[in-house]
Amino acid sequence: MEYITRKSMLYKTGVEYGDYTMNHALGCSHGCKYPCYAFLMKKRFGQVKTYDEWIEPKIVSNTLELLDREIPRLKDKIKSVHLCFSTDPFMYGVDEICDLSLKAIRKFNDAGIKCTVLTKGVLPIELADLSKANEYGITLVSLSEDFRARYEPHAAPYADRIQALKRLHERGCKTWVSMEPYPTPNLIEQKLSDVLDAVSFVDKIIFGRFNYSKEVSAFTAHKAFYNACAAEVVNFCKARNINCHIKAGTQT
Ligand code: SF4
């Protein structure tokens with residue numbers, strides 16, 4: 001594992017969900033091939049040169065020191081902290097990053113700040129002992145391990161992600177699922193209802209389309225497809241009292 005240092009850690013996001021955020025690693029071992037927007041940005045701005053470099057994450061070694069400095073200064077402004085937008089806080093099999101994420105979340109909670117977490121890894125059960133205001137999420141766009149191996153080659157198997165999320169739900173934690181980027185049928189034939197049923201216990205579902213790419217545009221009925229999917233997600237959530245958010249640009 002390589003290490004880097006940074007001058008600051010917390011920053012305000014401008015996205016649909018998330019207030020403040022932190023990214024305590026550069027790179028992500030999951031190596032998603034959607035492609036990963038974070039990877040493309042880091043490459044564009046010269047922080048990472050190649051995919052192989054991206055999947056060898058570097059830990060920000062002074063993360064906790066930075067938080068000790070920044071949390072007291074910002075805590076009255078922060079509503080919540082999202083982990084993470086440009087890396088994954090619970091990278092599958094990367095214990096050092098998972099441990100650091102747990103320590104960071106503990107620090108926020110000790111200061112009365114709630115965290116939202118999103119991962120394609122396995123959420124550790126230790127999270128159940130932290131603030132019940134926290135919200136723990138996984139990304140789930142399929143149940144097919146073939147699809148996962150193709151698009152999220154080094155992320156956790158879907159069944160393991162779901163099981164870890166369910167364990168936290170059973171311990172009284174708030175849980176959510178990000179179904180984004182949901183693939184079109186030319187990428188995989190699957191029933192959205194199967195994916196929804198697998199996580200029917202969660203408190204919130206966020207649904208979003210696949211990035212604008214040649215692959216999706218090749219499926220000419222993609223607009224009708226995403227409209228139908230969005231309606232299905234909304235109805236599924238309504239029937240089960242699950243909060244629902246359809247990402248901008250998914251419905252037309
Ligand atoms: S898990 Fe997220 S940050 Fe990591 S490679 Fe995949 S999309 Fe990128």
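These notebook entries record what I looked up in a predicted model.

**Entry: ligand shell**

I began with the ligand and listed the residues around it. The shell consists of Cys28, His30, Gly31, Cys32, Cys36, Trp54, Thr87, Asp88 and Lys120. I then sorted these shell residues by character and obtained 4 nonpolar, 3 polar and 2 charged.

**Entry: backbone geometry**

I next examined the backbone for unusual torsions. As background, most peptide bonds are trans, and most residues other than glycine have a negative phi.

Where are the cis peptide bonds that I noted? One joins Tyr34 and Pro35, with omega at about 15 degrees. Pro35 sits in the loop that runs between strand 4 (25-26) and helix 1 (37-44). Another joins Glu180 and Pro181, with omega at about 0 degrees. Pro181 belongs to strand 9, which covers residues 174-182.

I also looked up Asn241, which is not a glycine but has a positive phi of about 60 degrees. Asn241 is placed in the loop between helix 9 (222-240) and strand 11 (243-246). I recorded Asn241 as exposed because its relative accessible area is 75%, over the 50% cut-off.

**Entry: nonpolar core**

How many residues does the largest nonpolar core have? I found 79 residues in the largest nonpolar core. The residues with the most contacts inside this core are Leu10, Phe108 and Leu123.

I followed Leu123 further and set aside residues up to four places away in sequence. Leu123 then touches Phe90, Val117, Tyr136, Gly137, Ile138, Ala164, Leu165, Arg167 and Leu168.

**Entry: a buried lysine**

I turned to Lys42, which is located in helix 1. Is Lys42 buried or exposed? Lys42 is buried, yet has no salt bridge. The nearest side chain of opposite charge is that of Glu53, at 11 Å. With neighbours within four places in sequence left aside, the contacts of Lys42 are Leu26, Gln47, Val48, Trp54 and Ser86. I note that Trp54 also appears in the shell around the ligand.

**Entry: salt bridges**

I counted the salt bridges next, and the structure holds 9 of them. I looked at several individually.

Lys204 and Glu135 form a salt bridge through their side chains, at 3.4 Å from N to O. This pair links distant parts of the chain, with Lys204 in strand 10 (residues 204-209), Glu135 in strand 8 (residues 135-139), and their positions 69 residues apart in sequence. Lys204 is partly exposed, at 23% relative accessibility. Glu135, with a relative accessible area of 15%, is buried.

Which residue forms a salt bridge with Arg161? The partner is Glu152, and the closest N and O atoms are 2.6 Å apart. Arg161 counts as buried, at 0% relative accessibility. Glu152 likewise counts as buried, at 0% relative accessibility.

For Lys247 and Glu180, I found a salt bridge whose closest N and O atoms are 2.9 Å apart. Lys247 lies in the segment after strand 11 and Glu180 in strand 9, so this salt bridge ties together parts that are 67 residues apart in sequence. Lys247 is buried, with a relative accessible area of 13%. Glu180 is partly exposed, at 24% relative accessible area. Salt bridges with shared partners also join Lys114, Glu135 and Lys204 into one network.

Glu180 thus appears twice in my notes, since this residue pairs with Lys247 in a salt bridge and takes part in the cis peptide bond to Pro181.

**Entry: exposed positions and chain distances**

I closed with two exposed positions and their C-alpha distances.

Ala248 is in the segment after strand 11. I recorded Ala248 as exposed, with a relative accessible area of 63%. How far is Ala248 from Arg209, C-alpha to C-alpha? The separation is 9.0 Å, for residues that are 39 residues apart along the chain.

Gly93 occupies the loop between strand 6 (80-83) and helix 4 (95-110). Gly93 is exposed, with a relative accessible area of 68%. I compared the position of Gly93 with that of Lys43, which is 50 residues apart from Gly93 in sequence. Their C-alpha atoms are 24 Å apart in space.

How values were computed. Residues numbered from 1 in each chain as written. Predicted model: local features only at pLDDT ≥ 70, side-chain atom pairs only at ≥ 80, totals over all residues. Heavy atoms only, no water. Near = heavy atom within 4 Å. Nonpolar A, V, L, I, M, F, W, Y, C, P; charged D, E, K, R; others polar. Helix = DSSP H or I, 4+ residues; strand = E, 2+ residues; numbered from the N terminus. Buried < 20%, exposed > 50% of the residue type's maximum accessible area, 1.4 Å probe, protein only. Core = buried A, V, L, I, M, F, W, Y, C linked by side-chain atoms within 4.5 Å. Contact = heavy atoms within 4.5 Å. Lys, Arg positive; Asp, Glu negative; His and termini not counted. Salt bridge = Lys/Arg side-chain N within 4 Å of Asp/Glu carboxyl O.
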